[in-house]
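User: I have a model open here and want to go through its strands and contacts. Can you take me through it?
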Amino acid sequence: MFKQKTTEQIKAATRPTDTAAHAFYNNPKYRALIYQILLVTGLLYFFYTIISNTLGNLEAAGIKSGFGFLSNAAGYDVLMSLIPFESTNSYMRVFIVGFLNTILVSALGIFFATILGFIFGVMYFSKNWLIKKLSVIYVETFRNIPLLLQILFWYSAVLASLPGVRDSLSLGEAVFLSIRGLVIPKLIGQGGGSTFVYIVLVLAIIGIFILRSWAKKRQDATGQQFPVFYTSIAMILGLPFVAALLTGFPFVIEYPVLKGFGFNGGITVIPELMALTLSLSIYTGAFIAEAVRAGIQAVPHGQTEAARSIGMKEKKIMSLIVVPQAMRVIVPLLNSEYQSLVKNSTLAAAIAYPDLFNVFVGTALNQTGQAIETIFMAIIVYFAVNMLISFIMNRFNGNVELVGR
Amino acid sequence: MSNTFKSDPIEFKPTAALPAPKSTVGPIAWVRENLFPSISNTLITLFIVFILISLIPGVIDWMFISANWSGTNQEACVSDGACWVFVKAWSQQFFYGSYPTDQLWRVNLSLILLFAVIILSFTLPASFRLRVSIPLFLVLPFVCIAILDGRLVGLDFVNTDLWGGFSLNVLMAAAAIIVAFPFSFLWALGRRSNMPLARSISVIFIEFFRGVPVLALFFMGSVMLPLFFAEGTQVDKLVRVWIVLIFFMSGYMAEVFRGGFQAIPSGQYEAADSVGLSYWQKTLLIILPQVIKVSMPNILATFVMLFKNTVFLLIIGIPEVLQLLLTALSNSNWLGGHAVEGYVFVGVIFWVCCFSMSLLSNKIERDLDTDKRD
């Protein structure tokens with residue numbers, strides 16, 4: 001592209017002539033302005049075209065745009081809802097039911113994926129060859145198979161081959177697993193006593209945070225350590241238990257009872273939810289395991305050796321030296337994994353789990369034809385949830401980040 | 001005063017090294033070191049071995065030993081094992097969809113062209129590699145479409161409704177990422193630009209397509225996109241999906257490229273400026289080749305993600321491989337419950353493709369990572 005030239009030639013060729021150098025179109029400031037004006041005009045024209053086309057098309061199809069349809073009766077039932085729902089309820093109610101179901105499956109997925117991911121991520125560093133290989137096999141298998149395939153596999157190959165309701169697999173006549181789902185006993189509180197226990201539980205959680213900050217302050221001031229972890233566990237389990245004892249154990253455990261073709265009582269986890277939670281947590285768990293592995297590997301080996309050389313115990317090295325530094329790498333990765341888990345929960349549509357996308361964008365859109373409104377509302381929700389996750393994780397990241405001096 | 005003391009120069013002969021103690025080398029030591037280093041580890045090892053022993057023979061027996069391999073219909077599946085006859089009978093559907101049987105060479109040709117271009121882009125001499133392979137890549141999707149469609153090149157017309165199967169997954173993913181390439185590069189440049197409007201527009205675009213669930217994008221493609229075109233315009237279903245995938249991918253790839261841009265030392269920009277290159281000369285001749293090189297592992301990872309996501313097309317009714325599997329499973333001649341066989345088969349295909357790509361990306365990453373090797 002470039003021929004060999006002498007320096008003089010290049011200078012002569014590139015030296016700006018007086019007129020060209022001062023022309024306004026060679027001034028970078030004006031140039032940027034012109035480009036941006038062009039860009040914005042182009043974009044505005046683009047949006048104008050699609051909006052006018054859309055309005056024309058909607059008019060031709062006889063669809064009235066707007067959010068008025070939200071107060072109409074939905075006219076269909078939803079397979080599972082956390083709040084009471086009937087087919088006469090409005091589309092707005094459908095939206096809320098779907099939203100809660102999405103939150104439920106995302107929360108369950110994040111919870112189990114994190115546990116799985118951390119277990120398998122740490123297993124990679126085991127001295128035991130078999131455990132290490134198990135971790136590699138888990139990560140490489142489930143990361144490389146499409147999530148939708150895994151969902152369908154769990155739903156229609158594994159859970160569909162469970163026994164019928166009458167021959168359910170049972171665990172001590174309390175937990176039943178059958179083709180209709182998992183049924184577990186339900187804890188029902190009675191009267192004011194149970195409210196007292198719940199209040200004590202909340203107080204215990206608040207107390208743990210206070211204890212933590214107190215213990216940290218004390219350690220900073222005196223160097224004395226306080227067994228925060230064990231005390232926390234004792235508080236969160238012990239205090240509500242004591243409260244329950246004081247109020248005479250105001251709880252009844254409702255065991256599921258087989259009646260006819262179904263179970264009475266207890267909490268039923270529908271197979272759709274089970275399949276979705278299983279596959280989301282196994283799939284995302286594989287990615288989290290990879291993140292945890294990367295995080296631990298990113299801690300220089302010298303850190304461990306230094307800790308060992310000043311005589312720290314192996315457990316302390318892990319919890320005070322390696323993990324805090326690994327978290328700096330892990331937390332940003334976790335953030336994006338959690339967000340993709342929430343986005344992936346839309347795949348519920350494949351197995352008819354009634355999440356927001358399935359009941360609202362799928363069914364409501366089909367019935368009302370309000371494509372733009374429904375999709376817009378759903379997208380806003382996913383954006384909001386992901387921003388919330390991002391906000392929480394960034395706060396958490398601020399805690400683990402290296403403080404620059 | 002001559003030195004009378006004369007002797008042969010003494011040759012230094014080290015005594016042969018003793019063999020390492022038996023307890024530190026050899027298979028037994030390896031087993032002791034890696035499987036039974038402590039009591040708790042021994043228990044865990046025994047537990048895992050016990051589980052493996054109780055699981056593996058059954059799986060192998062189901063998959064291979066008592067599996068049914070030959071036959072053409074369901075009656076051939078007599079033994080308890082897997083019914084691979086099912087997969088065999090439907091394999092053409094799984095790979096090619098309903099594409100006419102006598103025209104399958106066109107699909108094969110498209111796939112071969114794709115792999116030829118990929119191999120070329122790795123094997124050509126470095127001096128003109130990018131200059132040849134980038135135009136080839138950019139032309140490829142349109143050539144493949146012309147071949148598969150047939151009207152432009154004088155072959156029989158095959159409607160897009162008939163395209164399908166695993167080949168559609170591969171070609172769709174490849175066509176989307178290739179066309180997304182220039183777009184994503186532009187978005188990444190926009191995000192780094194000094195012009196505030198260009199930058200904010202790029203940021204909004206990138207974050208929108210990264211933040212929205214891909215399924216919502218597909219719904220937008222199939223429900224909203226037709227509304228955007230002037231009344232009466234018919235846009236093919238596959239083209240709409242293709243457009244959606246291109247936008248989706250350019251959002252993700254823009255972030256990959258942004259990472260690549262950040263990895264280029266600022267000296268490269270300054271050097272290009274100092275020899276008087278214009279913005280586009282600097283970007284295309286100096287920066288782009290380096291960006292492509294450093295972001296290759298991430299490009300591959302993004303491609304793997306896209307490739308896995310092509311399965312989502314099932315939800316909007318495009319006959320990709322999983323959709324065809326579901327059709328086959330509900331076929332009245334094959335109602336024997338072959339779900340596990342089908343899922344295992346499709347899963348293994350995807351696993352092999354994605355795993356080999358991630359191995360390749362690891363290798364490229366290691367090759368690039370020349371300074372940190374220890």
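Analyst: Strands β2 (residues 175-178) and β3 (residues 181-184) of chain A run antiparallel, joined by three bridges. Strands here are DSSP E runs of at least two residues, helices are H or I runs of at least four, both numbered from the N terminus, and two strands pair if DSSP finds at least two bridges between them. The model is predicted: local features need pLDDT of at least 70, side-chain atom pairs count only at pLDDT 80 or more, and totals for chains, interfaces and linings use all residues. Residues are numbered from 1 along each chain as its sequence is written, with chains lettered from A and ligands numbered from 1 in the order in which they are written.

User: What do β2(A) and β3(A) form?
Analyst: A hairpin, with two residues between the strands. A:S178 is opposite A:G181 of β3(A).

User: Which residue is the bridge partner of A:L182 in β8(A)?
Analyst: A:V269. β8 (residues 267-269) of chain A pairs with β3(A) through three bridges, in the antiparallel sense.

User: Switching to the chains. How many residues of chain B are in contact with chain A?
Analyst: 43 of chain B, with 47 of chain A on the other side; contact means C-beta atoms, placed from the backbone, within 7 Å.

User: Which element gives the largest share on the chain B side?
Analyst: α13(B), with 10 residues.

User: And the domains of chain B?
Analyst: Domain 1 is 84-99 + 158-368 and domain 2 is 100-157, with bounds from an automatic or database domain assignment. Their C-alpha centres lie 17 Å apart. The contact takes 13 residues from domain 1 of chain B and 18 from domain 2.

Notes
Contact = placed C-beta atoms within 7 Å.
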